[in-house]
Amino acid sequence: MLNPLRVLVSVRTGPPSRCCSSFVSRMRFISRLKEDDEACAAALQNGSVLLFHKLEPLLHRTKTGTFRPGSQPSSGLQSVLERLGADRSLLMESVLIGCSEQNQAQFCLDVGGLDRVAIEDVCRGKFVDLRKSFFLLTGPEAPLVAKAQALLRWHQTHGFCSATGQPTQRNRAGSQRVCGSSGIVYYPQMSPVVIVLVSDGKRCLLGRQSSFPPGLYSALAGFCDMGETVEETLSREVAEEVGLEVEGVSYSSSQHWPFPHSSFMIGCHASISPAHTELTVDRSELEDARWFTLEEISSALQVKTPPRRGDPPVTWLPPSHALAHRLITEWVELQRSGEAGK
Ligand SMILES: NC(=O)C1=CN([C@@H]2O[C@H](COP(=O)(O)OP(=O)(O)OC[C@H]3O[C@@H](n4cnc5c(N)ncnc54)[C@H](O)[C@@H]3O)[C@@H](O)[C@H]2O)C=CC1
Ligand SMILES: [Mg+2]
């Protein structure tokens, strides 16, 4: 079942920049900013801000044609925002999202009340739908952009206490909101989801919902019910959606996923017996589910951008930032190493 050694290995093989002293000091810096409003306000003066417009991130196109998040130094941003008609206090609505390798605090801010085109002109970027951004951002920043959007969305939808109906107030970092009447503290929430790549040893199982763009297939996923373990959710979802009983389960990795409302994705591989591979697909949940060979998956991985309207039909897979993509490439590597070992 879940393999704790696997977790240790992936933590230890993280990026080299996670050298203990600088990593620890950055984590403690962020932790202090969440607790100390004054320190957070000071960090904002010297920090950088990722801009969003109605939850769409600002992207810059680089000289080489790649895309980067449109991060702005907050020192110059205040005057830019005021020139565009913003209230002086708008910058203070920024939400803390992290700390750069250079120990500079990183924030995000939704400027949805200002003129979209005017900001794009001044900041030399474009506001792009988050799903499209995931295909355009090839660097390591996509998870930070996803986190920023999820936090901004959470603040926009948690302005009132669900017990008293009274307004809630955020701390400076935006890491919590408190009801002034009841004192209830609200923290940003994620829904746990298990995502699983099922294999019969030679083929892997992918499905698609009717809401997916044409030709897109992904690993099976499902929200955890209250009280369930990861293994229970996984077994239930596979049984519900395709009528199979999984045997072995192993943990791969996890990620935060901003769609539709912030999920915490727990990625696993599962095996089933080659003798019991017949699918009974629940058509109310999935439009289609089928087994894919290594060759079919390899050619689907070659499709790097979603097909456009009018293009011939093609099977394609979630973008490289998606955990489903990681599970699929892990499976491909395993199959190839198995074939090479024959
Ligand atoms: N990062 C990745 O690689 C992938 C991420 N996903 C994400 O996984 C999520 C779950 O996958 P589905 O197959 O849609 O789940 P699912 O199979 O559990 O079905 C979704 C239904 O579950 C119900 N539900 C129960 N708890 C819910 C909650 N906390 N929030 C929302 N709905 C809840 C709703 O009726 C909803 O329509 C999706 O939202 C999708 O964005 C899915 C595939 C790949
Ligand atoms: Mg599902």
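Ligand 1 sits in the second largest pocket. The model is predicted, so treat what follows as a reading of computed coordinates.

Start with the surroundings of the ligand. The shell around ligand 1 holds 19 residues. Q209, F223, E241, Q255 and A324 are the closest of them. By residue class, the shell divides into 11 nonpolar, 5 polar and 3 charged residues.

Where does the shell come from along the chain? Several elements each supply at least two of its residues. Three are strands: β11 (191–199), β13 (220–223) and β14 (249–257). Two are helices: α8 (230–242) and α10 (323–340).

Next, the polar contacts of the ligand. They can be taken one side chain at a time. Q209, one of the closest residues, has a side-chain N or O atom 2.9 Å from an oxygen atom of ligand 1. For E237, an N or O atom in the side chain lies 3.3 Å from a ligand oxygen. S191 pairs with a nitrogen atom of the ligand instead: the distance from that nitrogen to an N or O atom of the S191 side chain is 3.4 Å. How much of ligand 1 does the protein cover? On its own, ligand 1 has 850 Å² of accessible area, and the protein covers 64% of that.

Now step back to the whole chain. The protein chain has 10 helices and 16 strands. Along the principal axes, its C-alpha atoms fill a box of roughly 65 × 50 × 45 Å. Why does the radius of gyration agree with a compact globule? The chain has 342 residues, and a compact globule with that number would have a radius of gyration near 20 Å. The protein chain has 22 Å, which agrees.

Two points in the backbone deserve a closer look. Most peptide bonds are trans, and most residues other than glycine have a negative phi. The bond joining F259 and P260 is a cis peptide bond, with omega at about -15°. P260 lies in the loop between β14 and β15 (263–271). Strand β14 has appeared already, as one of the elements that supply at least two residues of the ligand shell.

The other point is R124. R124 is not a glycine, yet its phi is positive, at about 50°. This residue is found in the loop that runs between α5 (116–123) and β7 (126–127).

Key
Residues numbered from 1 in each chain as written. Chains lettered and ligands numbered in written order. Predicted model: local features only at pLDDT ≥ 70, side-chain atom pairs only at ≥ 80, totals over all residues. Heavy atoms only, no water. Near = heavy atom within 4 Å. Polar contact = N/O pair within 3.5 Å; in protein donor to acceptor, adjacent residues only side chain to side chain. Areas by Shrake-Rupley, 256 points an atom, 1.4 Å probe, with all protein chains shown as cover. 1 Å grid on protein atoms, 1.4 Å probe; cavity = no way out; pocket = protein on both sides within 12 Å on 5 of 7 lines; lining within 4 Å. Sits in = over half its atoms within 2 Å of the grid points. Helix = DSSP H or I, 4+ residues; strand = E, 2+ residues; numbered from the N terminus. Nonpolar A, V, L, I, M, F, W, Y, C, P; charged D, E, K, R; others polar. Rg over C-alpha atoms; globule rule 2.2 N^0.38 Å.
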